Every structure is written in structure tokens, then in C-alpha cells.
Protein chains: 2
Amino acid sequence: MVRGDGPGAGGVDPQQLWLNSDRPRKGRKPAFSRAAITAAAVALADAEGIDAVTMRRVASQVGAGVMSLYSYAPDKETLLQLMVDHVSGELSPPEPLTGDWRADLKAIAHAQRALMLRHPWLPTALFNRRWSLGPNTLAFLEHALAALRPTALDGGAKLEVFSLITGFAARLVADEIAQAAFSASPERAAAEARYLAAVAADGHHPELAEALSAPARPLTPDATFARLLDRMVDGLDADSGPEGP
Amino acid sequence: MVRGDGPGAGGVDPQQLWLNSDRPRKGRKPAFSRAAITAAAVALADAEGIDAVTMRRVASQVGAGVMSLYSYAPDKETLLQLMVDHVSGELSPPEPLTGDWRADLKAIAHAQRALMLRHPWLPTALFNRRWSLGPNTLAFLEHALAALRPTALDGGAKLEVFSLITGFAARLVADEIAQAAFSASPERAAAEARYLAAVAADGHHPELAEALSAPARPLTPDATFARLLDRMVDGLDADSGPEGP
DNA sequence: ACTATTCTCGTACGTGGTACGGAATTAGGG
DNA sequence: CCCTAATTCCGTACCACGTACGAGAATAGT
């Protein structure tokens, strides 16, 4: 099914990966499917974290032998890319565009955030590996580009903005998740608080001491996300900027 | 030296990690040092990538037995945190503050970018693990907070801004590095171009087709970074925003 | 029926992190 | 000056992981 060869040197030819749905005419029928395997891997990652996604555990989830997975994905890295594109399908259909590109862009970011909160392994997965533009990812990218149509940005700049927004969402959600996991362990939170208090008391970090002593009105992650997003998008104005054509 | 116990449940007490320089009064003298081990790990990562940093290879670089490393760091995760703080030392002393907080913030981001380009594993390392605020990281954070002093932001918001800027730099540099590695392999670049051309030709992705067909004046990473940074920072204005105290 | 093709998966190898425990080294107390 | 407790050094070993290999099973065209 994958007909895995390719020109070596790390990575899979995207055409082989995404554009090969034709069943071969001879040979044994597949007992599983790429979608089922990917879904099992996603379920595992959602439930137990990305480190729980091992070839052995995925295989046992779908009832296959370990090595059978390699008929559907040439290696684990590819399986992770399949997972990313799989969950990106949840972004379709997106909210219809309003024509107000700032509002549309913000809606896109909020949708991405919601997706990442549903799949907490996603920010890390997105950050680490090279983007693999599967059909679902492409569909959402197309949507984002359409949202930017009222803009004076050229093609490359639009792609940059999309990358920027996605990265922004990934970072904020990663912080949010880390914070939540952290607060969930009172021991560790207390240890960190003690450490920061000790640092603040050493006299060499007056700004930090002041920042930590602030009343700290309760910041909900939602409000923080919305506020920073607003600031970012409202700055993403104008056309190509100083350097001319 | 590390006296590694701690209250279990994943992670090391920061006080144990960073605030324990007192030599014990009894026992064999250490043959190595945490700094030497960390430096060796950094050198390895710089030269051969983060995957080359294994306990075995680090040990052989410093001339130690593998298990001896565990006298200096309780586990590999901690060693990675030590690496991050180690290279953060290169950010000191920072450029003096000018009082123009926007300019100062941009200088901070540029310094971070330069650091990340020198240590290409750094963006990924920063993104994945929970922040561990070692002395060098704290010193730079202190500097960033001082830069934000002229601002009306409260303590929590200043910390958010620092996180945002750091995350921005990490993302852009990660893209930059990936792009470079990608272009270095003509086969893979050609394969990707062929794939995108095929997608653009399928008629379902008109916006993408247009974005790709644009003349695409050559974008240098430097210009892209500076431009997006300007947009971001110039939007990070004003005080706490809509939600009042 | 034969054959080419494709999928299945048990076995096995190499690599990684690190637990264990004994030997070596040091400082303080008798 | 030995004895004891503390600390570091590190060889051995275990387990988990990704995946190469190849033999056997199933399928479709001839």
C-alpha cells in the first residue's frame, strides 16, 4: 500500500504518502486500514499522552501484529504526521468567513486552540516535525488563505501569517497545559513557589520579585489567549512593510 | 551532590537542582563537574543534533563511565534543562536598556534568535520541556522584566509577554532551520514542490494555488523575523485591555 | 492450477535510559 | 591511626523501543 521506497535521506515523499489511495489489483486484502490505525494512535495519545504511542501499543489496540503497522506507514514519524492530519479534520467545516479578516483570523486561532486542548499532544507534535501537508491540513490552510484575501499581503506573507498564528496558538496552549498539569500536583507547585520566593528574596532579582508580588488578579487562560491574540492580530496590519518590491 | 530523592511524580525540585552548590563534607571527591558534563552535552548537540545527546556519548566525551553522569543529574531530562540554562548564559551581559521599551524588547528577541541559531536544538528543547528557571535564565528574565518597566502592564502580563516573545523567536528560528535543512536536500525540496504543484492543480485549492504562483520575492529569514517582530511588538501596546481590575 | 503480488507478523538486533550494587575514595570520631 | 559513614565511580544488566528480515498466507490475473 505504501510501496515504500523513496529516495532515502530521511522523510517520505509526500506524493507517496497522501496521493496513493488506489488499491493494488493483486495481493492479499488489507486486514486493517490506515484510518483505523491512525485513530487508535490518536486515542492512545489523547488518553495517555504522546509517549504512550508506541508501535507495540498501537498495534495491540487495533488487534494487529506490530510489524503489520509498517504496511500502512513506513515509520513512526509518518504515523505521527498521519495523526496530525487526522485530528485536523475536526477543523472542517470551519466557521464561514465574515469578510472581516481580523475577526476571521481570530476565529481560526480560537478553533485551533480548541483542537489543541482536545488533543494536548498536538502543540508539541506540530512544533517538532516538519509540516506535512495532508488533505485536512491543506483544507484548513486553504480556508485561512481565503480569510486573508481582503488583505494586501502577498502569497508568501499570507503563509507566514498562518504559520505565525498556528505557532501562537500552539505556544499558548502548551503553556496552558503545562500550567494545568503543574497545578494538579500541589507538591510540585509548592516546590516551585518556594524556589521562586527564595530567588525573589536574594535581592538580585528585584523586577522578578515585584512581578511575583503583584496581586495577580486571576487570569483565566481563555482571557489571556483572547487578549494576546487581539494584540497580535491588530498589529498584523498594513501591506508588505518597509522593504519594497 | 544531587542527593536525588524528591517527592516523586516526575520532575526535580528546583531548589535541589539550582541552589545546592555546597560540597558535602564527607565522601569521595567528584572527578568531573556538572558544568563540564553540560558543556560536553551542548557541544554534542551543536555538532550532531539533539539526538546525538545520549548518556553514553556524553559520558565518553567527558571520559566518564555512563552511570557516573547520574551523580551530577538525576536523569536525562534534567541534563537537558541544564543545557538550556547553560547556553542561556551567552545572553549575558545583555545590551543596555535604552528606555524605549519597544526597541528593547526587539533587541531581546534578536538576541534570542542569534542564540537559537547558534544552538539549533534550542527551540525544540524550549518548547517541549517545562521551563526550568536556572540562574542564567533568571538573569535574562530579570532583564526582560526591566525592559518592560516603562509599560503599564502588571506583573503577570509582563511574564506573558516574555513567554510570547521567546515563543515567537523559537518558532521563527525553528521554521528557519527546517527550511534550511530542507533546501539542503534538492531531492526532497523537489518532491515537495511537485506535491504542492499537484495539489494546486487539482482545482480544490485556488487560494493556495494563487499564493504559490506569486512571484515570491526572495524572503531572507532576517527580514522576515524583523518584520513580523515589528508587527507583534507594535501591537503589544496599551495597558491591561478591556477586562478591568 | 500456477504465479506474481501484497499483506501478516514472529523473531531478532541494536540502541536507549537507568536500577542495582560493589569497589574506591574521602573526612571525621574514637 | 583505624573505623565508620558518606559520597562518587562505574561494570553489569534489564527492559522498552523502533524496525530489518523473511517465511507463510491470502488474493487476482493468467
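How many residues of chain B are in contact with chain A, and how many of chain A are on the other side? That's where I'd like to start today. One caveat up front: this is a predicted model. The count is 60 residues of chain B against 61 residues of chain A.

So who supplies the chain B side? Seven helices each put in at least two residues: α1 (14-18), α6 (122-128), α7 (135-147), α8 (155-183), α9 (186-200), α10 (206-213) and α11 (221-235) of chain B. The top contributor is α8(B), which gives 12 residues. By class, that side of chain B splits into 28 nonpolar, 13 polar and 19 charged residues.

Now, how are the two copies related? Take chain B, turn it by 180° with a shift of 0.0 Å along the axis, and you can lay it on chain A with an RMSD of 0.1 Å. That's what a two-fold axis does. And the copies meet through the same surface, because 100% of the interface residues of chain B are also interface residues in chain A.

Okay, on to a single chain. The domain assignment cuts chain A into domain 1, residues 14-82, and domain 2, residues 89-235. Their C-alpha centres are 29 Å apart, and each domain puts 9 residues into the contact between them. On the domain 1 side, the elements giving two or more residues are α1 (14-18), α2 (34-48) and α4 (76-88) of chain A. The largest share there is from α4(A), with 3 residues. In terms of class, that side of domain 1 has 5 nonpolar, 2 polar and 2 charged residues.

Let me say a bit about the core. The largest nonpolar core has 101 residues, and the ones touching the most other members are Ala41(A), Met83(A), Ile165(A), Ala41(B), Met83(B) and Ile165(B). Look at Met83(A) for a moment. If you skip its neighbours within four places in sequence, Met83(A) is in contact with Thr38(A), Ala41(A), Val42(A), Ala45(A) and Ala125(A).

Two helices are worth a look on screen. Over in chain B, α2 covers residues 34-48, so to speak, 15 residues in total, and reaches 21 Å from first C-alpha to last, close to the 21 Å expected. Its buried residues are Ile37(B), Thr38(B), Ala40(B), Ala41(B), Val42(B), Leu44(B) and Ala45(B). What covers them includes α3 (55-62) and α4 (76-88) of chain B. Right after α2(B) comes Gly49(B), with a positive phi near 95°.

Back in chain A, the helix to find is α7, residues 135-147. With 13 residues at 1.5 Å a residue, α7(A) should span 18 Å, and its end C-alpha atoms are indeed 18 Å apart. Buried along α7(A) are Thr137(A), Phe140(A), Leu141(A), His143(A), Ala144(A), Leu145(A) and Ala147(A). What covers these includes α4, α5 (101-118) and α8 (155-183) of chain A, together with α10 of chain B.

That brings me to α10 in chain A, where you'll find Pro206(A). Buried or exposed, this Pro206(A)? It counts as exposed, because Pro206(A) has 12 C-beta neighbours inside 10 Å, and the cut-off for exposed is 12 or fewer. Pro206(A) is also 17 residues from Ala189(A) in sequence, and the two are 22 Å apart in space, C-alpha to C-alpha.

That's what I have; thanks for listening.

Definitions and conventions: Residues numbered from 1 in each chain as written. Chains lettered and ligands numbered in written order. Predicted model: local features only at pLDDT ≥ 70, side-chain atom pairs only at ≥ 80, totals over all residues. Contact = placed C-beta atoms within 7 Å. Helix = DSSP H or I, 4+ residues; strand = E, 2+ residues; numbered from the N terminus. Nonpolar A, V, L, I, M, F, W, Y, C, P; charged D, E, K, R; others polar. Expected span 1.5 Å × (residues − 1). Buried ≥ 20, exposed ≤ 12 C-beta atoms within 10 Å, placed from the backbone. Domains from an automatic or database assignment. Least-squares fit on C-alpha atoms with pLDDT ≥ 70 in both. Core = buried A, V, L, I, M, F, W, Y, C linked by C-beta atoms within 7 Å.
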